[in-house]
Amino acid sequence: MNFYFDKTGIEYYKNNSQKIRVMSEHWVENNIFCPCCGNSHIIKLENNKPAADFQCDNCKEVYELKSKKGKMGKKISDGAYLTMIERIKSIDNPNLFLLNYSSDLQVTNLLVIPKFFFVADTIEKRKPLSSTAQRAGWIGCNILFSNIPDQGKIKIIDNQKACDINNILSKYDQIKKLQTNNLNNRGWLLDVLNCINSIPTVEFCLADVYQFTEKLQRKYFNNHNIEAKIRQQLQFLRDKGFIEFVERGYYRKINDREQIAKSNYKKK
């Protein structure tokens, strides 16, 4: 795989961000498969289609591409705030490709975040553009990368090494078990998953998760039984194979390999 961007045709663009957009989209179109179904071809959509850049011609999944020089960081600049919020609330919101490139225009990392890992809390509203700007009053947004659970960050290219396609497809298939179109339920699930991820040990107890009760209460101030909601999410994550029950009040995290192995075993 050639990790260099193709510079053909970029001389027609004056803006550097436009040049990067054209080169990165061309690279993805010619090198990347659909991580949902494994189809080798994804179609480049028409320019300026809101929050959508590619579509798989097999499973019809839609992908948005965001590129960033250097490390990913805690947030990634995106498009119009209201457009992103509307897409998250809809059933056809896009999956997200996040691409890192180096100063010499080589792809270093690429990952995909499934569409059901986005809630309003992962989108940060930016200040409106000033009255002197060309698009005065326009409000953009940032994707809060650090707010997305690690389970939703599936690597495709890792430090210029292509990850195994079967492993990628298995991870996506496994993570689809967490999909829900109810935004409130999705928010709770991702919040509790982030709480579990922040616990440093593989095995943990209910009391470890209850330490986040106050934090969750501030966010879900209308819910008056936070601990019961936590237990509900733990049961859901256990049923879907992301944690396992050890004994009363005690759980164990299940890593990617274990999840995939158990999933493949059940398919046989």
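**Exercise 1. Determine which residues Lys115 is in contact with, leaving aside its neighbours within four places in sequence, and describe its setting.**

Step 1. Residues are numbered from 1 along each chain as its sequence is written. The model is predicted, with local features requiring pLDDT of at least 70, side-chain atom pairs counting only at pLDDT 80 or more, and totals for chains, interfaces and linings using all residues, while side-chain values use heavy atoms and leave out hydrogens and water.

Step 2. Locate the residue: Lys115 lies in the loop that connects E6 with strand E7 (123–125). Helices (H or I, at least four residues) and strands (E, at least two) are DSSP runs, numbered from the N terminus.

Step 3. List the contacts (heavy atoms within 4.5 Å). With neighbours within four places in sequence set aside, Lys115 touches Glu61, Ile91, Asn93, Pro94, Asn95, Gln179 and Arg186.

Step 4. Consider the polar pair. The side chains of Lys115 and Glu61 make a polar contact at 3.4 Å. Such a contact is a pair of N or O atoms within 3.5 Å; within protein, one must be able to donate a hydrogen and the other to accept it, and residues adjacent in sequence count only if both atoms are side-chain atoms.

Step 5. Assess accessibility. Buried means under 20% relative accessible area, exposed over 50%, and partly exposed in between (1.4 Å probe, protein chains only). At a relative accessible area of 13%, Lys115 is buried.

**Exercise 2. Establish the order of the strands in the open sheet of 6 strands, and follow the pairing through E5 and E6.**

Step 1. Write the order: the 6 strands run E1-E2-E3-E5-E6-E9, with mixed pairing. Two strands pair if DSSP finds at least two bridges between them.

Step 2. Identify the edges. Strand E1 (42–44) and strand E9 (154–157) each have a single partner strand, so one side of each lacks a neighbour in the sheet. Neighbouring strands are turned by 30 degrees against each other on average, direction ignored.

Step 3. Trace the pairs. E3 and E5 are parallel, with 7 bridges, and Lys69 stands opposite Tyr101 in E5. Strand E5 (residues 95–101) and strand E6 (residues 107–113) are antiparallel, with 6 bridges; Phe97 has Val112 as its bridge partner in E6, and Leu99 faces Leu110 in E6. E6 in turn is joined to E9 by 3 antiparallel bridges, where Leu110 has Ile157 as its partner.

Step 4. Examine the connection. E5 and E6 form a hairpin with 5 residues between them, and Leu105 in the turn has a positive phi of about 65 degrees.

Step 5. Examine burial. In E5, 7 of the 7 residues are buried, so this strand is largely enclosed by the rest of the structure. One side of E5 carries Asn95, Phe97, Leu99 and Tyr101, the other Leu96, Leu98 and Asn100, and all are buried. In E6, 7 of the 7 residues are likewise buried, so E6 is also largely enclosed.

**Exercise 3. Which strands does helix H1 (residues 16–31) lie across?**

Step 1. H1 lies across E1, strand E2 (54–56), strand E3 (62–69), E5, E6 and E9, at about 125 degrees to E3. Axes are lines fitted to C-alpha atoms, for helices over the stretch in contact, and angles run from 0 to 180 degrees between N-to-C directions.

Step 2. The buried residues of H1 are Ile20, Met23, Ser24, Glu25, Trp27 and Val28. These pack against E1, E2, E3, E5, E6 and E9.

**Exercise 4. Compare the expected span of helix H7 (residues 226–239) with the distance between its end C-alpha atoms, and describe its buried residues.**

Step 1. The expected span is 1.5 Å times one less than the number of residues. For the 14 residues of H7 this gives 20 Å, in agreement with end C-alpha atoms 20 Å apart.

Step 2. Buried in H7 are Ile226, Lys229, Ile230, Gln233, Leu234 and Leu237. Seen down the axis of H7, these residues fall within an arc of 140 degrees, so they line one face of the helix; the arc is that of the directions from the helix axis to the C-beta atoms. An α-helix has 3.6 residues a turn, so residues three or four places apart point the same way.

Step 3. The packing partners of the buried residues of H7 include helix H4 (183–198) and strand E11 (243–247). After H7 comes Gly241, with a positive phi near 85 degrees.
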